[in-house]
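Me: Got a minute to walk through this one with me? I'd like to start with the overall picture and then poke at some details.

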Amino acid sequence: MKRFAIILFALLSAAFGGGVRAAAPAVRAELNPDTVLIGDRFSVEVLIEKDMMQVVALPSFGEGLAEGGVELVSESPLDTLEVNGRRQVLRKRYEMTSFEAGNYDFGRFPVLYGDKNVTDTLYSQAPLHVAVQTFPVDTQKSTVYDIKAPEEAPLMVGEFAGYAAAGTVLALVLAALAVLVYRRLRARRTGAAADGAPLPSVPPHVRAIQDLEALHNRKLWQSGRVKAYYTGLTDIVRCYLGGRYGINAMEMTSDEIMRATAPLPLSDKNRRDLRGILLTADLVKFAKHEPDGEENEKLYYAAYYFVEDTKELPGEAGADEKAGNDEERPR
């Protein structure tokens, strides 16, 4: 058998001394059952009666124990079944199956053993043989029919009435929401509220200052909500950039915002403050950075003065009066 002779018999030369040589081990192998159907399991049980000083080795299933369509399901370790003085009985079981019909011959089961300077291969007396059978089909007595086509059932009103009612309600709700959204958007474009009252025009810097003061009064970072604080701070700055310069900052990354503001007439301090706000917010949101209270306050004032320094002047807007000129800076 392939690679069957590769065992650790080098230990035998040092393991045994003189004395009377024991009889060679006796090997018995039984296959149960010897006739099975495809997919059924059968087992080979090997019993070895030997002297306790004799060393034996059994082949593994992959070394040619079974050929063809026989597959090994499991095998038990070699265990001691009985001990009588120096004589002992060892047992090993192989659980097998086959999914191909046929007759399989295992031959006589081999066992390699060693005793002092003697090594030999012993075989079971009776050869092992298993017959794997398939299910018999008598075509003369059986009629083969074609696949039955699906039956057509009449469509019942009750089967879709519930779905139709639910769909109608959903469509009405979606239509109402669509009308409401349309009116809101139209009111913003025309400068009038949904009820016809005129909407006040709030400059971007006025709204930004109001939002910054509201954020500051919420005391988010003081209560441990640092991430929410920086999310609100950067959202206010991004909205201001959109209203003041038409930059879609809410959909941009920090680097994209800095590139978009590069052509704008901002001072070096304004650019440093804007970069510091965006970078610190990214570190808090994505790198779990925890700024101290002094840095939190510093970046709040940086955002406040960024808005104040870059707000639209009356000459730029063509207005007669400066919008929001009565707002006070935080102290």
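Reply: Sure. One term before we start: a contact here means heavy atoms within 4.5 Å. Also keep in mind that this is a predicted model.

Me: Okay, so what share of the contacts with a separation of 6 or more comes from residues 24 or more positions apart?

Reply: That share is 66% in this protein.

Me: And how many helices and strands are there?

Reply: The protein has 8 helices and 11 strands. Of its 331 residues, 31% are buried. The accessible surface is about 21,900 Å², and carbon and sulfur atoms account for 54% of that.

Me: Let's do sheets. What's the strand order in the open one with 3 strands?

Reply: The order is S2-S11-S8, and the pairing is mixed. S2 (35–37) and S8 (102–107) are the edge strands, each with a single partner, so one side of each has no neighbour in the sheet. On average, neighbouring strands in this sheet are turned by 20° against each other, ignoring direction.

Me: How do S2 and S11 run, parallel or antiparallel?

Reply: Parallel, with 3 bridges joining S2 to S11 (residues 128–133). One pair to look at is Val36, whose bridge partner in S11 is Val132.

Me: What's going on just before S2? Which peptide bond is cis there?

Reply: The one from Asn32 to Pro33, with omega near -10°. Pro33 sits in the loop between S1 (26–32) and S2. As background, most peptide bonds are trans.

Me: Asp34 comes right after. Where does Asp34 sit, and what does Asp34 touch beyond four places in sequence?

Reply: Asp34 is in that S1–S2 loop too. Leaving out residues up to four places away, Asp34 touches His129, Val130 and Ala131. Asp34 counts as partly exposed because its relative accessibility is 45%, between the 20% and 50% cut-offs. The C-alpha atoms of Asp34 and Asn103 are 9.9 Å apart, with their positions 69 residues apart along the chain.

Me: Back up to S1. Which residues are on its covered face?

Reply: Val27, Ala29 and Leu31. The uncovered face has Ala26, Arg28, Glu30 and Asn32. That fits the general rule that side chains in a regular strand alternate between the two faces of the sheet.

Me: Which strand does S1 pair with over 7 bridges?

Reply: S3 (residues 41–51), in the antiparallel sense. Within that pairing, Ala29 stands opposite Val46.

Me: Switching to charges. How many salt bridges does the count come to?

Reply: The count is 9. One of them is Glu45 with Arg91, where the closest N and O atoms are 3.9 Å apart. That pair links distant parts of the chain, with Glu45 in S3 and Arg91 in S7 (residues 87–98), 46 residues apart.

Me: Why does Glu45 count as buried?

Reply: Because its relative accessibility is 18%, and buried means under 20%. Arg91 is at 25%, so Arg91 counts as partly exposed.

Me: What about Lys311 and Glu308, buried or exposed?

Reply: Both are buried. Their side chains meet in a salt bridge at 3.1 Å, N to O. Glu151 and Lys148 also form a salt bridge, at 3.6 Å, but those two are exposed.

Me: Which residues do shared salt-bridge partners join into one network?

Reply: Glu45, Asp79, Arg91, Arg93 and Glu95.

Me: Any odd backbone angles? What's phi at Lys219 and Lys288?

Reply: Lys219 has a positive phi of about 50°, and phi of Lys288 is near 55°. Neither is a glycine, and most residues other than glycine have a negative phi. Lys219 lies in the loop between H3 (204–218) and H4 (226–245), while Lys288 is in the loop between H6 (268–287) and H7. Lys288 is exposed, at 75% relative accessible area, and Lys219 is partly exposed, at 48%.

Me: Last couple. What does Thr310 contact outside its sequence neighbours?

Reply: Thr310 is in contact with Tyr240, Arg244, Tyr245, Leu266 and Asn270, not counting neighbours within four places. Thr310 belongs to H7 (residues 293–310) and is buried, at 4% relative accessibility.

Me: And which residues make up the nonpolar patch on the surface?

Reply: Val169, Leu170, Val173, Leu174 and Leu177, with about 460 Å² of accessible area together. Leu177 is in H2 (residues 157–190) and is partly exposed, at 46%.

Technical notes
Residues numbered from 1 in each chain as written. Predicted model: local features only at pLDDT ≥ 70, side-chain atom pairs only at ≥ 80, totals over all residues. Heavy atoms only, no water. Patch = residues over 30% accessible without salt bridge, like charges linked within 9 Å, V, L, I, M, F, W, Y side chains within 5 Å. Areas by Shrake-Rupley, 256 points an atom, 1.4 Å probe, with all protein chains shown as cover. Salt bridge = Lys/Arg side-chain N within 4 Å of Asp/Glu carboxyl O. Helix = DSSP H or I, 4+ residues; strand = E, 2+ residues; numbered from the N terminus. Buried < 20%, exposed > 50% of the residue type's maximum accessible area, 1.4 Å probe, protein only. Pairing = 2+ DSSP bridges. Axes fitted to C-alpha atoms, helices over the stretch in contact; angles between N-to-C directions.
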